[in-house]
Amino acid sequence: MRSAARPTPRTAVRTTARAGVALLGATALTLGLASSASAATVTRTVTDGATYNLSLTAPSTAAAAGQNVTVSGSGYNPTQGVYVGLCAVPAGVDVGNPATWNSKPTPCLGGQDQSGTTGASHWVNSDWWWMAPNNSSPYTVSNNRGSFSVQIHVKAQVSAGVTCGQSGVTCAIVTRADHFDTNDRKYDVYVPVTFS
């Protein structure tokens with residue numbers, strides 16, 4: 001009967017090297033997952049015939065060259081359509097202070113994009129969403145409150161001459177009242193975003 005062969009020093013070195021490579025690969029994978037875009041949530045309470053506790057969740061970091069991100073909201077008035085998109089923060093607006101949210105978020109990547117050609121914004125509304133099915137959807141309504149989860153495409157360059165993080169331009173993923181009520185600032189909610 002032959003006894004099991006003992007590993008040679010060369011085999012032991014190879015086994016140790018493979019274990020080290022596997023550990024290094026697992027560490028790199030873990031670091032890669034940890035550096036993925038984290039989400040941030042911003043809330044705002046508004047009165048619009050009733051009290052609505054708006055909540056908007058979106059990534060706080062994104063790739064400068066562009067990427068698709070998921071944005072979700074809850075507590076919205078289902079009779080008020082909103083645009084979801086990436087916009088430059090207007091002068092005088094402090095994204096941490098809703099009392100200063102008195103200027104329309106603009107310019108926005110892709111504009112209003114009612115045709116859905118850029119994927120840079122999404123129109124959420126319960127009445128007319130079927131007119132622009134490429135980038136519109138109705139609210140999910142429960143207890144007279146609207147919620148949504150949509151994908152939009154974001155990138156650092158919002159428009160010609162306006163790039164997030166350059167020349168003092170700060171940006172946020174926002175909701176704002178749709179084109180039927182474009183001057184209504186009650187539905188402005190800002191989740192600041194930086195680009196890497």
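Modeller: A residue counts as buried under 20% relative accessible area, as exposed over 50%, and as partly exposed in between, with a 1.4 Å probe and protein chains only. This is a predicted model, in which local features need pLDDT of at least 70 and side-chain atom pairs count only at pLDDT 80 or more, whereas totals for chains, interfaces and linings use all residues. Residues are numbered from 1 along each chain as its sequence is written, and side-chain values use heavy atoms, with hydrogens and water left out.

Colleague: How many salt bridges does the count come to?

Modeller: The rule asks for a side-chain nitrogen of Lys or Arg within 4 Å of a carboxyl oxygen of Asp or Glu. The side chains of D184 and K186 satisfy it at 3.3 Å, N to O, and D188 pairs with R185, their closest N and O atoms being 2.5 Å apart. The count of salt bridges comes to two.

Colleague: Is D184 buried or exposed?

Modeller: K186, the partner of D184 in the salt bridge, is partly exposed because its relative accessibility is 28%. D184, by contrast, has a relative accessible area of 10%, and therefore it counts as buried.

Colleague: How many strands does the chain have?

Modeller: Elements are DSSP runs numbered from the N terminus, with helices (H or I) of at least four residues and strands (E) of at least two. The order from the N terminus begins with α and continues with β elements. The chain has one helix, and its strands number 13.

Colleague: Which strands each supply at least two residues of the largest nonpolar core?

Modeller: Such a core is a set of buried Ala, Val, Leu, Ile, Met, Phe, Trp, Tyr and Cys residues joined through side-chain atoms within 4.5 Å. The largest one has 42 residues, of which V71, Y76, L86, F148, V154, I173 and F195 touch the most other members. At least two residues of this core come from each of β1 (39-47), β2 (51-59), β4 (67-76), β5 (82-88), β9 (145-154), β12 (171-177) and β13 (189-195).

Colleague: How far apart in space are A172 and T194, C-alpha to C-alpha?

Modeller: A172 lies in strand β12 and counts as buried because its relative accessibility is 0%. Leaving aside neighbours within four places in sequence, its contacts (heavy atoms within 4.5 Å) include L86, C87, Y190 and V193. A172 and T194 are 22 residues apart in sequence, and their C-alpha distance is 8.1 Å.

Colleague: Is the disulfide of C87 and C108 right-handed or left-handed?

Modeller: The structure holds two disulfides, each a pair of cysteine sulfur atoms within 2.5 Å. In one of them, the sulfur atoms of C87 and C108 are 2.0 Å apart, and this pair links distant parts of the chain, with C87 in strand β5 and C108 in the loop between β5 and β6, 21 residues apart. The C164 to C171 disulfide has an S-S torsion of about -95° and is therefore left-handed. For C87 and C108 the torsion is about 100°, so the disulfide is right-handed.

Colleague: What is the area of the nonpolar surface patch that includes W129?

Modeller: Patch residues have over 30% relative accessible area and no salt bridge, like charges being joined within 9 Å and nonpolar side chains (Val, Leu, Ile, Met, Phe, Trp, Tyr) within 5 Å, and areas come from the Shrake-Rupley method with a 1.4 Å probe, only the protein chains shown counting as cover for residues. W129, in the loop between β6 (121-124) and β7 (136-137), is partly exposed because its relative accessibility is 31%. Together, W128, W129, W130, M131 and F180 make a nonpolar patch of about 590 Å².
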